[in-house]
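Me: I am new to this structure and would be grateful for a close look at one part of it, namely the loops. Please set them briefly within the whole chain before turning to individual residues.

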Amino acid sequence: MAEVRFTEKTRAILEEYERCKGGFQPLPIALTKAHNATLWDVEGNRYIDFLSFFAVANMGHAHPKIVEAACTATRDCPMANTAFVNPSYARLASKIKEILGYDSIVCMCTGADSTDTATKIARKWGYKVKGIPSGKAVVLTASACYHGITISTHSMSSAPEDVFGPYVPLVGPVSPSGVVVEYGDIQSLKNALEKDHETIAAFMVEPIQGSAGIVDPPEGYLKQAYDLCKQYSVLFIADEVQTGLGRTGELLDSWRSGVKPDLVCLGKALAGGVAPLSAVCGNNDVMDVIEGGDIGSTMAANPPATAAAVAALEVLVEERIAEQSKKKGKLLRELLKAENLAQISGFSGAGMLCAAILNPEYVTSRFNSIRLRRLCAKRGLMVSSASGGTRVRICPPPTIEENLLAEGVKIFAQCVRDLESLDDPIL
Ligand SMILES: Cc1ncc(COP(=O)(O)O)c(C=O)c1O
């Protein structure tokens, strides 16, 4: 099977890259070009994208209409921050109203900004509207959640490593009286709300847990969770940073469960993968608690990002991205199943948010998704590893050409067959 090749060019970049800290364990591949579902590195090697940079490229990479909107805004007026009125931010708010039905939005830059912002809104609502005593408002999350890795969003996760503590109090999957809210277990949420509803301002949840490995909740969970929140006057916040904007077959994944969250967090695909932009959307009964100076950032809602987002939302509707996700997600699973891989025990997720679950009988130090990801990349296919090497995230742009989808599945299946017997340093 054809393999990508690397030369001095890549090695020189990697040497400089040594000075770049952080990130998500990058593969040693220097990407320089992207179009729809195809990526190229500095060597000219081609890769089929089955990852979309973690659900960013819902409209495909470098969609011409979105790029054009961002470039025009960059040329005309690259900055008009929220100390002024940026017309394309206004347009974006109207677009959100039109397609998602929410009265208002507040924009920030990253996904973590949006979940942090939703936490602030929920707490303020808790004090001003629900009447929670000062300093007591809780934002409950669920076990194994991922809402970002800043200090506040890290605090929302199950077991943050104590090297970053102390963490932000009264956020996370444990209620004040100690009930652990397990993702997908409605009884645990019920217990937490029964005991502690008076101080719980909100429950924040991913409709499908993305970074945990594309983990689906049981059928009906989201609606039951929403109903419980309503019963106890608790805001239901959907973190749709990864699941939203067409990725799973609806504009919002919550809609597949018949739920209209009080607040929705968006990020990743909001500006079509062209600029960093995130948002919290909600109706004014909640959003009106936001007052001047409460939420903002110098770079938030800048013209290139908001212009790109307006174009991205137009593309979302015009090109029926959600329908493409549904249809191609079905095709993806059919093609993968047709490969009859004993090493794969099933698939999770919805639409183009998919994970292949590795059969535990086959998972070893040689056969796991950490090595599989590297072998796939070596053969020109980008996927990602999750769940400690036991799941492979397969999330192509919904706009992927069907022949590329089929070609990618073939590469993936051959990598699954060959992995055990291969040693695979990429470079
Ligand atoms: C559901 C969810 N929320 C929040 C985030 C954080 O987004 P960002 O990496 O842009 O801060 C992510 C990122 O993967 C996510 O999947």
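Reply: The account below begins with the chain as a whole and then moves through its loops.

The model is predicted, so local features are reported only at a pLDDT of at least 70 and side-chain atom pairs only at pLDDT 80 or more, whereas totals for chains, interfaces and linings use all residues. Residues are numbered from 1 along each chain as its sequence is written, and side-chain values use heavy atoms, with hydrogens and water left out.

The chain has 13 helices and 15 strands; these are DSSP runs numbered from the N terminus, helices being H or I of at least four residues and strands E of at least two. Its radius of gyration is 22 Å, close to the 22 Å that the globule rule gives for 427 residues, so the chain is as compact as a globular protein of that length. That radius is taken over C-alpha atoms, and the rule is 2.2 Å times the number of residues to the power 0.38. Along the principal axes, the C-alpha atoms fill a box of roughly 65 × 55 × 40 Å. Of the 427 residues, 55% count as buried, a term for under 20% relative accessible area, with exposed meaning over 50% and partly exposed lying in between (1.4 Å probe, protein chains only). Among contacts (heavy atoms within 4.5 Å) between residues at least 6 apart in sequence, 73% join residues at least 24 apart.

The loop between β8 (235–239) and β9 (263–266) holds Asp253 and also Leu245. Asp253 counts as buried, at 2% relative accessibility. Leaving aside residues up to four places away in sequence, Asp253 touches Pro207, Ile208, Glu240, Thr243 and Thr248. Leu245 is likewise buried, with a relative accessible area of 1%. The backbone of Leu245 has a positive phi of about 60°, although this residue is not a glycine.

A positive phi also appears in the loop between β1 (31–35) and β2 (38–41), where Asn36 is found. Asn36 is not a glycine either, yet its phi is about 45°. With a relative accessible area of 13%, Asn36 is buried.

Another backbone feature belongs to the loop between α6 (151–155) and β6 (171–172), in which Pro166 lies. The peptide bond from Gly165 to Pro166 is cis, with omega near 0°.

On the other side of α6 in sequence, the loop between β5 (138–140) and α6 contains Ala142. Ala142 counts as buried, at 1% relative accessibility. Its contacts, not counting residues up to four places away in sequence, are Pro173, Val181, Tyr183, Phe203, Met204 and Gln209. The C-alpha atoms of Ala142 and Ala305, 163 residues apart along the chain, are separated by 31 Å.

A longer sequence separation comes with a short distance in the case of Cys77 and Pro303, which are 226 residues apart in sequence and 7.0 Å apart in space, C-alpha to C-alpha. Cys77 has its place in the loop between α3 (64–76) and α4 (87–100), and it is partly exposed, with a relative accessible area of 34%.

The loop between α11 (321–338) and β11 (344–350) is the place of Glu339. Glu339 counts as buried at 13% relative accessibility. It touches Val409, Lys410, Ala413 and Arg417, residues up to four places away in sequence being excluded.

Cys77 leads on to the other cysteines. A disulfide is a covalent bond between the sulfur atoms of two cysteines. The structure holds zero disulfides, where the criterion is a pair of cysteine sulfur atoms within 2.5 Å. Cys376 is buried, at 0% relative accessibility. The closest cysteine sulfur to that of Cys376 is in Cys415, 3.9 Å away, and therefore too far for a bond. Cys20, by contrast, is partly exposed, with a relative accessible area of 42%.

Finally, the surface of the chain exposes about 18,100 Å², of which carbon and sulfur atoms supply 54%; the area comes from the Shrake-Rupley method with a 1.4 Å probe, and for residues only the protein chains shown count as cover. The mean positions of the 43 positive and 48 negative charges are 2 Å apart. Lys and Arg count as positive and Asp and Glu as negative, without His and the chain ends, and each charge is placed at NZ of Lys, CZ of Arg, CG of Asp or CD of Glu.
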